[in-house]
2 protein chains.
Amino acid sequence: MARVTQADVARAAGTSMAVVSYVVNGGPRPVAEATRQRVLAAIEQTGYRPDGVARALVGGSTMTLGLIVPDIANEFFAELAAAVEQAARAAGRTVLLANSEGDASTELDLLDTFLQRRIDGLVIVSQAPAAADRLLNRAKTRHVFLGAAPESAASIGVDNFGGAVAATRHLLEHGHSRIAAIAGPAGDHVAEARLAGWRHAVAARPTAGRVRFVQHPFTVTGGYDAALALLNPSPLAPGGPASGASIFGRSGPAGARVRPQAVFASSDRQAIGLLRAAADLGLSVPDDLAVVTFDGSSISAYAVPALTTIQQPIAEMAELAVRQLIDPDPQPLRAVLEVGLVVRRSCGCPPAHL
Amino acid sequence: MARVTQADVARAAGTSMAVVSYVVNGGPRPVAEATRQRVLAAIEQTGYRPDGVARALVGGSTMTLGLIVPDIANEFFAELAAAVEQAARAAGRTVLLANSEGDASTELDLLDTFLQRRIDGLVIVSQAPAAADRLLNRAKTRHVFLGAAPESAASIGVDNFGGAVAATRHLLEHGHSRIAAIAGPAGDHVAEARLAGWRHAVAARPTAGRVRFVQHPFTVTGGYDAALALLNPSPLAPGGPASGASIFGRSGPAGARVRPQAVFASSDRQAIGLLRAAADLGLSVPDDLAVVTFDGSSISAYAVPALTTIQQPIAEMAELAVRQLIDPDPQPLRAVLEVGLVVRRSCGCPPAHL
DNA sequence: ATGAAAGCGCTAACAC
DNA sequence: GTGTTAGCGCTTTCAT
């Protein structure tokens, strides 16, 4: 008892394969109701299941979408993956998932694999947007970049600059003037935009005095290290990760540093590390240190204290991306979505509940 | 300029398609070195990329593995997905991912979709193990269950009972006697095993007095609600989620309840909710309340205080599962992996660093 | 060592 | 309304 094929069904129903195909696909030609019933019965009886592979070979479409992210274990990408999968499933598509591990050459390999698999389209958070775009265009495979993207490609981003401004302003409104920032890695598209937003907002308050920022990876450990650099009364020895001077000039002689009253963290993960560092240093958040962060992944809601954060519209991004990939005639897409400030406890606003 | 096929390469190289196939696959027949080079050059020049779909149609294997989990946004499953993808990639396979949303009928639909796609094998955290197993067996598709599984199927689990015992004993060793438990939903295979482990350990200390447990979902909210039920001085009105009596009898008249000194939480997510509830109630962890949890997902390390937890060997599970699916002649598999206690701060042990 | 050709299971012309 | 048949791109026997 090998695989049940259309031919088996046709035989059982006493019809031709074409008719079976017509009823399975509801077209392209009409079928008499009586015949239809016989075919349906035969399908039921034989346990026939259409073969997607053969279908894809002739039809051209695999009904499969690819998703490549740096690290699915990161809650932000995990939530994104969940949203993409859901949107794809709603549209009858399946999702091929892969991690680039933040590595450009791994990403390119993955791309190659996906193209061999003939995915219909790809959603990608890319480490090498230009190269990826070239490859995908050559293969005529639809794709949309999330975050960093070449000018000419379809992309969906969020207003990183505006979000960072809003976050920082909220801290300003709490009356803080010394607002430091934990930025993402130098050179990172997203990280730079958020840093610029913080700079912009903080520059509006010239009384801000010594404002500092440090650049660290978008990780919990990165946030922890960053926080230590920012909060430690005795400055660490030089040679560590980049530590930026004030935008108004150097932040003063080492040792004479004043502790920031507030910190804008460029990502939730970093904020988690910051929270831990603050606890280790005996600093209470938000009493001794106010914090606002960026991302709005679920982890921000569960932290203690709950994090006030700039929330990215993950579901919207996913839906937009999937729609773009399966739209019969897609328009050029270059979306920049709005982000919202979600006020919780870490900024010093009054408590709310889970 | 349509798709570049093997025929194009053959033409460019001045050979037959068969030879192209031989060099691409390194067999099954030998090819003269000179010819090989010509073919390679032709491939390079035409930009040929083998078509995985056609290959799968004739070859039988899609080189694709499926993964179905209840919710990829849950960090435990996200970490699992990352590990499975990595193991699959290392073995040259690609992963088709889907969320069952904890719903059995969605899961069955997904199964159907994956089967149509002719996946080579499936890793599944199932809501309906028996039905899934039947379906997969009928389709002759290899599969391994993680967690709940039918007797006869390949499965990988962890020692939930033993882990819960170890967690509870650790609390006992801290000198606590009133150790409550936050259990998972009643009827859940995994939840029951962990609850039984707690029961077993706690029974060894008859002085334990009023030991209580409550059953709530494996979610942050579930943990929060559970904690409220357990910790609130004034008992909530009845009618809420199941609240278990002591194994030594009823836990005493309402209102006369004594607050537990420690809590064993059945999952990290619940523990996060518990931490938040404790904070809301002004209870300090571990000083007022010691906590040990189960799962060991990254979130447990980042919580404040860091959670002492029973760690599941996720990478090992993933590797074992993938190996089982691609092993040329697989042995029946019914693995129960050991779990380890990771001591951090929440149990009351001395602090360590990130 | 190489080539010709038969399918893999299906869809969609194209006939009737 | 239904049947026949030509591929989709590839692997692999079977000749040569």
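1. Symmetry of the two chains. In this predicted model, chain B can be laid on chain A with an RMSD of 0.1 Å. The operation is a turn of 180° with a shift of 0.0 Å along the axis. That is how a two-fold axis relates its copies. In chain B, Leu96(B) has the C-alpha nearest the axis, 2.2 Å from it. Both copies use the same surface: 100% of the contact residues of chain B recur in chain A.

2. Surroundings of DNA strand D. Thirty residues surround DNA strand D. The closest come from both chains: Pro30(A), Ala32(A), Thr35(A), Gln6(B) and Tyr48(B). Of the atoms of DNA strand D that come within 4 Å of the protein, 63% belong to sugar and phosphate.

3. Polar contacts to DNA strand D. The side chain of Thr35(A) places an N or O atom 2.3 Å from a phosphate oxygen of DNA strand D. Ser16(A) uses a polar backbone atom, 2.8 Å from a phosphate oxygen of this strand. A base is also reached: an N or O atom in the side chain of Tyr22(A) is 3.0 Å from a base oxygen of DNA strand D.

4. Which elements face DNA strand D. Helix H2 (17–25) and helix H4 (52–59) give two or more residues to this surface, in chain A and in chain B. H2(B) gives the most, with five residues. By class, the surface near DNA strand D has 16 nonpolar, eight polar and six charged residues.

5. Surroundings of DNA strand C. Here 27 residues lie around the strand. Gln6(A), Tyr48(A), Pro30(B), Ala32(B) and Thr35(B) come nearest. Sugar and phosphate make up 64% of the atoms of DNA strand C that come within 4 Å of the protein.

6. Polar contacts to DNA strand C. Ser16(B) has a polar backbone atom 2.7 Å from a phosphate oxygen. Arg55(A) brings a polar side-chain atom to 3.0 Å from a phosphate oxygen. For Asn25(A), an N or O atom of the side chain is 3.2 Å from a phosphate oxygen. H2 and H4 of both chain A and chain B give two or more residues to the surface near DNA strand C. H2(A) gives the most, with five residues. The classes are 15 nonpolar, seven polar and five charged.

7. Annotation. An unreviewed UniProt entry carries the annotation "domain: HTH lacI-type" for residues 4–59 of chain A. In the model, that stretch is 70% helix and 0% strand. Its end C-alpha atoms are 20 Å apart.

Terms used: Residues are numbered from 1 along each chain as its sequence is written. Chains are lettered from A and ligands numbered from 1 in the order in which they are written. This is a predicted model: local features need pLDDT of at least 70, side-chain atom pairs count only at pLDDT 80 or more; totals for chains, interfaces and linings use all residues. Side-chain values use heavy atoms; hydrogens and water are left out. Copies are superposed by least squares on the C-alpha atoms of residues with pLDDT of at least 70 in both. Contact means heavy atoms within 4.5 Å. A residue is near a molecule or strand if one of its heavy atoms lies within 4 Å of it. A polar contact is a pair of N or O atoms within 3.5 Å; within protein, one must be able to donate a hydrogen and the other to accept it, and residues adjacent in sequence count only if both atoms are side-chain atoms. Helices (H or I, at least four residues) and strands (E, at least two) are DSSP runs, numbered from the N terminus. Ala, Val, Leu, Ile, Met, Phe, Trp, Tyr, Cys and Pro count as nonpolar, Asp, Glu, Lys and Arg as charged, and the others, Gly among them, as polar. UniProt positions are given in the numbering used here, feature names are shortened, and annotations may be inferred rather than shown by experiment.
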